[in-house]
Structure formats: C-alpha cells, structure tokens
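Colleague: I would like to go through this model with you slowly, one question at a time. Could you show it first?

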2 protein chains.
Amino acid sequence: MKLEIYTKNEHQAVQNEIIGKIRDLINYKNLEPGDKLPSERMLSEKFGVSRSNVREAIRKLEFYGLVKSMPQSGTFIEDIGVIAMNGIIEDILRLEDPDFKSLVETRILLELKTVRLAALRRTDEDLMQMKEALDAYNTKVLNGEDAIQEDLLFHLAIAKASGNSTMNTLMLMITPEIIMNFEKFHVCDKNQAMLGIEEHTEIFKAIENQDPQKAKQKMKKHFKSLYQYCYNT
Amino acid sequence: MKLEIYTKNEHQAVQNEIIGKIRDLINYKNLEPGDKLPSERMLSEKFGVSRSNVREAIRKLEFYGLVKSMPQSGTFIEDIGVIAMNGIIEDILRLEDPDFKSLVETRILLELKTVRLAALRRTDEDLMQMKEALDAYNTKVLNGEDAIQEDLLFHLAIAKASGNSTMNTLMLMITPEIIMNFEKFHVCDKNQAMLGIEEHTEIFKAIENQDPQKAKQKMKKHFKSLYQYCYNT
DNA sequence: CAAACCAATTTGGTTAACCAATTTTAAATC
DNA sequence: GATTTAAAATTGGTTAACCAAATTGGTTTG
C-alpha cells in the first residue's frame with residue numbers, strides 16, 4: 001500500500017499477483033459489498049503463498065479503501081460495488097511508477113491550490129509555523145548553506161495551513177522524492193536560493209494578508225523562476 | 001502507510017508511537033542520510049514492541065520515501081537530510097484523517113487538471129477505454145439503474161489518459177471514498193444521471209478533439225451542476 | 001417456543017523460530 | 001604485510017505456532 005515511487009521489486013510483483021487472484025475470487029464467487037472474504041489462512045493455502053504475503057495484499061486493498069479488516073472477525077468488502085471494485089483493482093495493478101516530471105507537475109498543481117486555501121483559512125498558529133520555517137530557510141541561505149530541506153518544509157507548512165488534509169497528505173507523499181531529485185541534480189544554487197528568500201517572503205505576506213489571489217500569483221512566479229532556472233528552458 | 005481515510009484504530013496509535021521513537025533515535029544517534037537504522041530485532045527489543053509492529057512502522061516510513069529496506073542488509077535512511085526527515089515525520093504524526101469536504105475539494109482540483117492533460121495527451125487506446133466506460137455508464141442510466149460506479153470509472157479513465165501517473169495514483173486513492181459517500185448520502189438521482197450522460201459526452205468529445213480548454217470548461221460545468229444539485233447550495 | 005447461555009470454532013493479530021542472502025571477521029596464503 | 005578465502009554473525013523476509021476476541025451452533029432455561 002504505497003505510492004510505490006521507489007522500488008520495483010520482486011515482492012511487489014508477488015503482491016500484485018495475489019491482489020489479482022483476490023479480484024478473480026470476488027468475481028468467481030460473486031462476492032458483494034459487505035460480504036466476507038475467505039480467511040487469510042484459506043487464501044494463503046488456496047493461492048499457494050505465505051500468509052504474510054496475503055496479509056500485505058489485503059493491507060494494500062485496505063489502503064485503497066476496497067476492503068476492511070476486522071480483528072477476530074474477518075476481512076469485509078467495502079461498499080463500493082463490484083463494477084468499481086474491478087475497475088479500480090485493474091487500475092491499481094496496471095499503475096506505473098510515478099516519474100519525476102509527473103511529480104513536479106502534480107506538485108505545482110497542488111501548491112497553487114494550497115497557497116490559495118492557506119490565504120483564506122490560515123490560523124494565527126499556521127502563520128507562526130510558516131514564519132518559523134521561513135526564518136530557518138533564510139538563516140541557512142544567508143549563511144551560504146544548502147537549504148533545500150528548509151525550502152520544502154516551508155512549502156509543507158503552507159500545505160498544512162490550507163486546512164485540506166487530503167492535499168496535505170498528498171504533498172507529504174511527494175515531497176521526499178522532490179527533495180531527493182533536487183539534491184541529485186544539484187538544482188537551485190546560491191543565486192536561486194537568494195531569490196527564494198524574496199519570493200517566499202512575498203508568498204508569506206500574501207497569506208498573512210489573506211489575499212488568495214496574490215498568494216497564488218506569487219507562488220506561480222516562484223515556480224516559474226525556479227523551474228525555468230533549474231531546467232533552463 | 002496509507003491515506004488512513006478509514007479507521008482510527010489502536011493499531012495506528014502504536015505505529016505512530018514507534019515512528020516517533022525511530023525519529024528520536026535518528027536524532028539522538030545523529031543518523032544521517034545513507035546511514036543504517038538498527039536492525040528490526042534490536043528496535044523491537046529497545047522499544048518493547050513486537051518485531052512485526054516495527055516492520056509495519058518501517059513500511060510506513062518507506063511509503064513516504066524516508067527510508068529504504070534492503071533484504072539481508074538493513075534499513076537505510078534516504079537522502080533527504082535530517083531537517084526534512086524531522087519535519088516530515090512530525091507532519092505525518094500530526095496528520096488528521098481526511099474529511100469528505102477535503103476529498104471533494106481535492107477531487108475537483110485533480111480532475112480539472114487531468115481532463116486538460118487528457119485532452120493534450122490521450123492516445124487512441126485511452127480514447128477507446130474512455131468510450132467503453134462512457135457506454136457502460138449510459139447503458140445503466142438508460143436502464144434506470146444506479147450508475148455511480150460507472151460514473152467514477154469514466155473519470156478514472158480520464159485520469160489514466162492524462163499520462164500523469166502521480167495524479168492517476170492520487171485519483172485512485174480518493175475514488176473509493178468518494179463512491180462510498182455518494183452512495184451513503186444517495187446523491188445524484190435519475191435526473192442528475194441523465195444530465196450526466198450529456199455532460200460526460202461533451203467532456204469525451206472535447207478530449208477526442210484534443211481541445212484542453214473546452215475539456216476543462218465542460219468538466220467544470222459537470223462538477224458545478226453535480227455539486228450544486230447534491231448539496232442544493 | 002423464544003431467549004439466554006456456553007462451549008467450540010474461526011478469526012485477525014502477535015510471537016518466536018527458521019531461512020537464505022549479505023556482511024563482517026579472522027584465518028590462511030603468497 | 002597485503003590479499004584472498006572461508007567461516008561466523010547479522011540482516012530482512014518467511015513460516016509456523018500461539019493468543020485473545022468474536023462468531024457460531026447447540027443446549028438449556030424460563
């Protein structure tokens with residue numbers, strides 16, 4: 001149960017195979033929402049795999065909200081219907097690993113929204129935490145140190161202030177990968193970092209002043225100079 | 001390691017506690033990117049919990065891209081730096097469960113983007129699969145049957161055609177919860193479903209004609225009538 | 001005949017033992 | 001003394017045994 005940005009391992013293949021078999025079983029036995037899946041032991045025997053493999057597959061299905069395990073009771077099919085169940089499992093099995101381009105594309109989309117929501121909904125505590133992240137970034141940059149981490153933490157603080165827990169989760173999921181790629185390719189040197197101070201401050205002030213339009217505009221500008229510089233397009 | 005939309009269980013609390021302890025350990029021992037975490041056995045003993053609990057906690061950290069387990073070797077800290085590690089773990093531990101409103105808000109944001117990208121990037125095969133989903137929806141509606149599942153599968157087909165694997169993943173993650181809430185509150189009755197046929201067709205044609213602007217406009221219209229109707233605002 | 005009770009079974013969760021690959025250590029060799 | 005080699009210890013992964021809660025079926029009881 002994961003974004004699976006990272007590894008394309010053997011383990012993964014086995015798990016997907018089991019998920020496919022569970023789907024087949026649901027169809028073959030005409031299991032409907034609310035019905036109970038066979039026990040983990042039975043499934044592991046039927047599929048000829050270990051019970052822990054079955055458990056992990058079920059965990060993944062649980063992550064996607066397709067089933068729900070109840071202790072000492074069983075695993076039950078969630079109320080989304082057979083059609084959707086099949087379609088979604090099909091999609092999950094065919095999902096390809098996110099590439100960096102799709103990550104950046106998604107990050108920009110999410111952040112242009114979270115910054116707007118943050119301007120509308122930020123509490124005083126949100127503001128304080130953002131200021132803290134901002135100061136940490138500035139200090140590092142002015143000391144001539146690398147500040148990619150502090151940079152992203154400022155952006156995460158904005159996501160938190162957006163008051164949208166789903167977007168916050170999604171941002172958390174893609175941020176480590178973003179950081180790793182940034183550090184790998186050595187994007188964003190000193191000049192860019194100095195510019196970042198200015199742009200971050202502009203964004204912060206727009207959020208502080210609860211001006212969603214300006215906040216979005218400044219974030220857009222931030223991304224534009226950032227990615228224009230990084231990929232010199 | 002999950003969106004945790006569903007359960008707020010005891011299990012979850014234990015897991016978060018372990019994650020917090022691992023973070024403390026990283027800080028206390030000054031572990032840096034590339035360093036190896038103590039073995040699962042050692043951690044389970046040190047924390048006084050079962051090894052499987054430790055494994056699941058590590059899995060969650062692995063999901064968020066913070067560590068990486070290597071078979072017969074150890075679990076290693078990913079290259080994102082101590083600062084980011086602490087900030088992100090902190091955020092993960094404080095994450096609140098997504099509410100329905102934040103899900104819908106995120107869905108709209110994602111879909112207004114995926115529909116645009118789909119119009120730009122869709123292959124002929126994408127088009128075929130969308131047509132298939134569209135037909136399935138139409139058939140059900142014209143038969144007077146409930147078609148929420150087919151509805152969402154059409155939208156997922158668009159996400160797939162967007163060519164952005166990250167957004168596709170995110171859409172898959174939130175869709176089951178959307179379906180469940182829709183069915184629970186009985187949103188979208190017959191009239192709405194009939195209107196859906198027309199609107200879906202408009203969206204499909206815009207994607208077919210590779211007109212991103214129109215595609216987005218039609219999707220916006222679709223959401224507007226959908227949510228205006230459902231929540232009679 | 002229905003309701004209450006109880007023991008046997010089934011369940012997901014937990015623990016402990018085991019495995020094979022890897023890493024480390026030290027002995028052997030030149 | 002440096003290099004090679006082999007054996008011992010360590011590791012995440014796997015398997016099997018065990019646990020307590022929950023379900024189930026039959027029996028008893030009012």
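Colleague: How many salt bridges does the structure hold over all chains?

Modeller: This is a predicted model, in which local features need pLDDT of at least 70 and side-chain atom pairs count only at pLDDT 80 or more, while totals for chains, interfaces and linings use all residues. Residues are numbered from 1 along each chain as its sequence is written, chains are lettered from A and ligands numbered from 1 in the order in which they are written, and side-chain values use heavy atoms, with hydrogens and water left out. A salt bridge is a side-chain nitrogen of Lys or Arg within 4 Å of a carboxyl oxygen of Asp or Glu, and over all chains the count is 29.

Colleague: Which helices of chain B hold Glu150(B) and Lys140(B)?

Modeller: The side chains of Glu150(B) and Lys140(B) meet in a salt bridge, 3.6 Å from N to O. The pair ties together parts that are 10 residues apart in sequence, because the helices (DSSP runs of H or I, at least four residues, numbered from the N terminus) that hold Glu150(B) and Lys140(B) are, in that order, α7 and α6.

Colleague: Is Glu150(B) buried or exposed?

Modeller: Buried means under 20% relative accessible area, exposed over 50%, and partly exposed in between, with a 1.4 Å probe and protein chains only. Its partner Lys140(B), at 23%, is partly exposed, whereas Glu150(B), at 5%, counts as buried.

Colleague: What relation do chain A and chain B have?

Modeller: Copies are superposed by least squares on the C-alpha atoms of residues with pLDDT of at least 70 in both. Chain B can be laid on chain A with an RMSD of 0.0 Å by a turn of 180° and a shift of 0.0 Å along the axis. That is the relation of a two-fold axis.

Colleague: How much area do chain B and chain A bury between them?

Modeller: Buried area is the accessible area (1.4 Å probe) that two parts lose on being put together, summed over both. Of the area buried here, 65% is on carbon and sulfur atoms, and the total is about 5500 Å².

Colleague: Which helix gives the most to the side of chain B that touches chain A?

Modeller: Contact means heavy atoms within 4.5 Å, and the contact takes 61 residues from chain B and 61 residues from chain A. Between the chains there are five salt bridges, one of them joining Glu56(B) and Arg59(A) at 3.3 Å, N to O. With 14 residues, the helix that gives the most is α8(B).

Key:
Helix = DSSP H or I, 4+ residues; strand = E, 2+ residues; numbered from the N terminus.
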